[in-house]
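Grab a pencil and open your favourite viewer. Here are some exercises to work through, each with a solution you can check against the coordinates.

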Amino acid sequence: MSRSLPDPRERFLNGILPENPVYRQVLGMCPSLAVTNTMEGAITMAGAVLFVLVCSNVLISLIRGLLKPHLRILVFTLTIATFVTIADRLLAAYLYDMSKQLGPYIPLIIVNCVIIARIEVCGSKQGPLAAAADALGQSLGFGLGLAGIATVREILGFGTWFGRWLGWRVIPDTSPALWDEWVVMILPPGAFLTLGVLMGAINWIQAIRRQRARQAT
């Protein structure tokens, strides 16, 4: 029995929350844990993934009729690598300090499961409009996931947000001059703790919504 694929609007909306790459699909965990100790790093990574995912998904969609089953993964990988190289060189040229800060994590976008999964699920099966909408929705959802983790980690780890002092105290009796960094939040264990708490909170909220929906029917 044939099953119709989601239209562009559904693709876009699903990527933001119902199929959020970080909290629902648990994809792209490497950058989600590695570059989210500051908001600048998280947003830069989200922008790079947006560029690579949109370009790769649309290009694969345009040539989907030429793809051979036994070569499709190779074509996917080469396509992604091309756009990752462009993103990496652009960052090095125009945002050198951020490029140095992110280090190998920009080139590692090549193996980001979010991108190759969306190409397989949507780009290789639907037209360019649906592929672009899917890439934009998934990228926005990925960016929201990274921003959520980075917000918690940067505020608790440095007492700042986007590198700026917030003007209010997260922990009582501290000031910018006396801020005692909560070191664990800017280290990998802080990323695991934050991701676990946020993922648990989202699952708890969705469980409540499903329960209310069942009670309403």
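What follows is a set of exercises on this model, which is a predicted one.

**Exercise 1. Sketch the overall fold of the protein chain: which helices and strands come in which order?**

Step 1. Start with the tally: the protein chain has nine helices and two strands.

Step 2. Now walk along the sequence. The pattern reads α-α-α-α-α-α-α-β-β-α-α.

Step 3. Put a box around the C-alpha atoms. Along the principal axes, the box is roughly 65 × 55 × 25 Å.

Step 4. Look at burial and surface. The protein chain has 217 residues, and 40% of them count as buried. About 12,000 Å² is exposed, with 67% of that supplied by carbon and sulfur atoms.

Step 5. Finish with the contacts. Take those between residues at least 6 apart in sequence: 76% of them join residues at least 24 apart.

**Exercise 2. Check the length of helix 4 against what its residue count predicts: what span should its 23 residues have?**

Step 1. Helix 4 covers residues 72–94, and at 1.5 Å a residue its 23 residues should span 33 Å. Remember that the rule multiplies by one less than the number of residues.

Step 2. Compare with the model: the end C-alpha atoms of helix 4 are 33 Å apart, so expectation and model agree.

**Exercise 3. Work out the two sides of helix 4: which of its residues are buried, and what do they pack against?**

Step 1. List the buried residues of helix 4: Phe-76, Thr-79, Ile-80, Phe-83, Val-84, Ala-87, Asp-88, Leu-91 and Ala-92.

Step 2. Find their partners. These buried residues pack against helix 3 (39–62), helix 5 (96–102) and helix 6 (113–123).

Step 3. Now turn to the surface. Tyr-94 sits in helix 4, and its relative accessibility is 67%, so Tyr-94 counts as exposed.

Step 4. See what Tyr-94 belongs to. Together with Ile-86, Leu-90 and Leu-95, Tyr-94 makes a nonpolar surface patch of about 420 Å².

**Exercise 4. Trace the salt bridges around helix 6: which residues are linked in a network?**

Step 1. Get the total first: the structure holds four salt bridges.

Step 2. Take Glu-120. Its side chain meets that of Arg-72 in a salt bridge, 3.1 Å from N to O. Glu-120 lies in helix 6 and Arg-72 in helix 4, so this pair ties together parts 48 residues apart in sequence.

Step 3. Look for another partner. Glu-120 also forms a salt bridge with Lys-125, with the closest N and O atoms 4.0 Å apart. That's right on the cut-off, which is 4 Å.

Step 4. Join them up: Arg-72, Glu-120 and Lys-125 are linked in a network of salt bridges.

Step 5. Add accessibility. Glu-120 is partly exposed at 24%, Arg-72 is partly exposed at 30%, and Lys-125 is partly exposed at 46%.

**Exercise 5. Take the pair Asp-134 and Arg-118: is Asp-134 buried or exposed, and is Arg-118 buried or exposed?**

Step 1. Confirm the bridge: the side chains of Asp-134 and Arg-118 meet at 2.8 Å, N to O.

Step 2. Place the ends. Asp-134 is in helix 7 (residues 128–158) and Arg-118 is in helix 6, 16 residues apart.

Step 3. Apply the burial cut-off, under 20% relative accessible area. Asp-134 has 0%, so Asp-134 is buried. Arg-118 has 3%, so Arg-118 is buried.

**Exercise 6. Count the disulfides, then explain the result for Cys-30: why is there no bond to Cys-113?**

Step 1. The count comes to zero disulfides.

Step 2. Check Cys-30. The closest cysteine sulfur, in Cys-113, is 9.6 Å from the sulfur of Cys-30, which is too far for a bond. The cut-off is 2.5 Å.

Step 3. Try Cys-55. Its nearest cysteine sulfur is that of Cys-122, 15 Å away, and Cys-55 is in no disulfide.

Step 4. Compare accessibility: Cys-30 is partly exposed at 41%, and Cys-55 is partly exposed at 23%.

**Exercise 7. Locate Arg-64 and its contacts: which residues does Arg-64 touch beyond its neighbours within four places in sequence?**

Step 1. Arg-64 is in the loop between helix 3 and helix 4, and at 33% relative accessibility Arg-64 counts as partly exposed.

Step 2. With those neighbours left aside, Arg-64 is in contact with Gly-123, Ser-124, Lys-125, Gln-126, Gly-127 and Pro-128.

Step 3. Pick Ser-124. Arg-64 and Ser-124 are 60 residues apart in sequence, and their C-alpha atoms are 5.2 Å apart in space.

Note on methods:
Residues numbered from 1 in each chain as written. Predicted model: local features only at pLDDT ≥ 70, side-chain atom pairs only at ≥ 80, totals over all residues. Heavy atoms only, no water. Helix = DSSP H or I, 4+ residues; strand = E, 2+ residues; numbered from the N terminus. Buried < 20%, exposed > 50% of the residue type's maximum accessible area, 1.4 Å probe, protein only. Contact = heavy atoms within 4.5 Å. Patch = residues over 30% accessible without salt bridge, like charges linked within 9 Å, V, L, I, M, F, W, Y side chains within 5 Å. Areas by Shrake-Rupley, 256 points an atom, 1.4 Å probe, with all protein chains shown as cover.
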